[in-house]
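The following paragraphs go through one protein chain, beginning with a helix and what comes after it. The whole chain, an annotated span and several backbone details are then taken up.

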Amino acid sequence: MGSHDKLATRALETDVPVMVKILELSEGAKDVMPLGKGAVYWNPPDEVLEKVKELACELSTSYYGTHEGLPELVEALTEKLHRENKLYKSSVMVTSGSNQGFLNVVLALCDVTDSVILFAPYFFNAYMSFKMTGINNILVGPTSSRTLQPDADWLEKILSEIKPVPKLVSLVNPGNPSGTIIPEPLLKRISDICRKAGSWLVVDNAYEYFTYDGLKHTCVEGKHVINLFSFSKAYGMMGWRVGYIAYSTEAEGLRTQFLKVQENVAICASIISQKVALCCLRYDNEWVRNQVRSLVKNRKAVLEALSPLGVESVMGGEGAIYLWVKLPNKYKDDAEVVRWLAHRHGVMLLPGNDCGAPGCVRITFGALREAECEIAAKRLKRGLEELLSHGMVW
Ligand SMILES: Cc1ncc(COP(=O)(O)O)c(C=O)c1O
């Protein structure tokens, strides 16, 4: 028996994580600057980090916590959901990052025979969570080629035609990889379509504070809606692994299913991380908004670097930390372009094929401080100019 015969089909049929792929694509390249990784350059506030030793020494930090999260944190999050997100009937479960939150949702709601819906370009981790739980019937809906907004007409048609009705519709707002902010009327319309059809709507709000040019992020509430949130980007807590699920207090049975999944995946999110998250939450979201404001110059530098491609080729970026770029038509193999840019020009991007959109790339403008981002942007611009004038010469 070959070793592959001993491995799970659902794992074998799932693609390698794109973050592993981009490491492979840049293998052997020197001094590569990260415009591909979805990360921010900051840490949690200094005052919070200074409390960590004291928090670590508390007896409760080394003990198991409740499945739903530290009661003080759950209470503070419930209050935050009221005040900031206008979610008035939500229960909370704290998870080890919102990726785990999404997995909890999929395990609690979906059977392997269900169909689910994403819109391309989609968030690769959501796609992976479906594949890794054996859900292969993944319908990929279109987005506007100009704005990258999900096509609600298509959704309405598909949900009325397909029987059994798709179980779950997944959105990311502001978008990863698009950086597009879904306007409130469109979000409400999608929510209504899902409610009428009997599908769950799962909205990932990991970048809720990351909006630019005066645009606003909004949430929708409903018995059929599940909202996911994360501390990773807002408070620079990527390695601390704290996120949370906000789900309707009126959705019968859902809490019990979440408790079963939580017991089997994490038991509880790391207690020290939850305590740090609570300190961050008490800190004030103006701190986060200041951090986000510091990215405006990065975005400008990257937009300038993309100018050789023409404005029509650059999309999204009004929120989150991403710009979405269509490569010139002859470059269908986006991974090859990513490899070439890493090796020849020292910048790493993310291949669009892994988001269901070949011939495109995702660019992150959050992972570098301003001065470094300017250097990376200059490299990117030189690379794109060479791509357009001479092709992928080595
Ligand atoms: C849209 C989105 N959701 C979830 C995550 C993962 O967040 P966490 O670190 O909370 O698991 C990311 C990370 O890049 C993301 O972009």
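Helix α7 is followed by Gly134, a residue whose phi is positive, near 85°. The helix itself covers residues 124-132, and its buried residues are Phe124, Ala126, Ser129, Phe130 and Lys131. A lysine, Lys131, is thus listed among the buried residues, together with the two phenylalanines Phe124 and Phe130. These values, like those below, are computed from a predicted model.

The chain as a whole comes next. Its secondary structure amounts to 15 helices and 13 strands. The radius of gyration of the chain is 21 Å, close to the 21 Å that the globule rule gives for 394 residues, so the chain is as compact as a globular protein of that length. The C-alpha trace spans about 60 × 55 × 55 Å along its principal axes. Of the 394 residues in the chain, 56% are buried. Among contacts with a separation of 6 or more, 77% are between residues 24 or more positions apart.

The surface and the charges can be described in the same way. The accessible surface of the chain is about 17,700 Å², and carbon and sulfur atoms contribute 53% of that area. There are 44 positive and 45 negative side chains, and 2 Å separates the centres of the two sets.

A database record adds an annotation. In an unreviewed entry, UniProt places the feature "domain: Aminotransferase class I/classII large" at residues 30-380. In the model this span is 39% helix and 16% strand, and its end C-alpha atoms lie 15 Å apart.

Within those residues, consider Ala357, which sits in the loop between β12 (350-351) and β13 (360-364). Is Ala357 buried or exposed? With a relative accessible area of 12%, Ala357 falls under the 20% cut-off and is therefore buried. Leaving aside neighbours within four places in sequence, its contacts are Pro121, Trp324, Asp334 and Gly352. Ser170 is 187 residues from Ala357 along the chain, and the C-alpha atoms of the two are separated by 17 Å.

Ser170 belongs to the residue range of β5 (168-172), and the loop between β5 and α9 (184-197) contains Pro174. Pro177 has its place in the loop between β5 and α9 as well. Which peptide bonds involving these prolines are cis? The bond from Asn173 to Pro174 is cis, with omega near -10°. Another cis peptide bond joins Asn176 and Pro177, where omega is about 20°. As background, most peptide bonds are trans, and most residues other than glycine have a negative phi.

Two residues depart from that second tendency. Lys86 is not a glycine, yet its phi is positive, about 55°. Lys86 is found in the loop between α5 (71-85) and β2 (90-95). With a relative accessible area of 49%, Lys86 is partly exposed; the cut-off for exposed is over 50%, so Lys86 does not reach it.

Asp213 is the other case: phi is near 55°, again a positive value in a residue other than glycine. The loop that holds Asp213 runs between β6 (200-204) and β7 (225-230). Asp213 has a relative accessible area of 60% and is exposed.

Terms used: Residues numbered from 1 in each chain as written. Predicted model: local features only at pLDDT ≥ 70, side-chain atom pairs only at ≥ 80, totals over all residues. Heavy atoms only, no water. Buried < 20%, exposed > 50% of the residue type's maximum accessible area, 1.4 Å probe, protein only. Helix = DSSP H or I, 4+ residues; strand = E, 2+ residues; numbered from the N terminus. Rg over C-alpha atoms; globule rule 2.2 N^0.38 Å. Contact = heavy atoms within 4.5 Å. Areas by Shrake-Rupley, 256 points an atom, 1.4 Å probe, with all protein chains shown as cover. Lys, Arg positive; Asp, Glu negative; His and termini not counted. Charge placed at Lys NZ, Arg CZ, Asp CG, Glu CD. UniProt positions renumbered as here; feature names shortened; annotations may be inferred.
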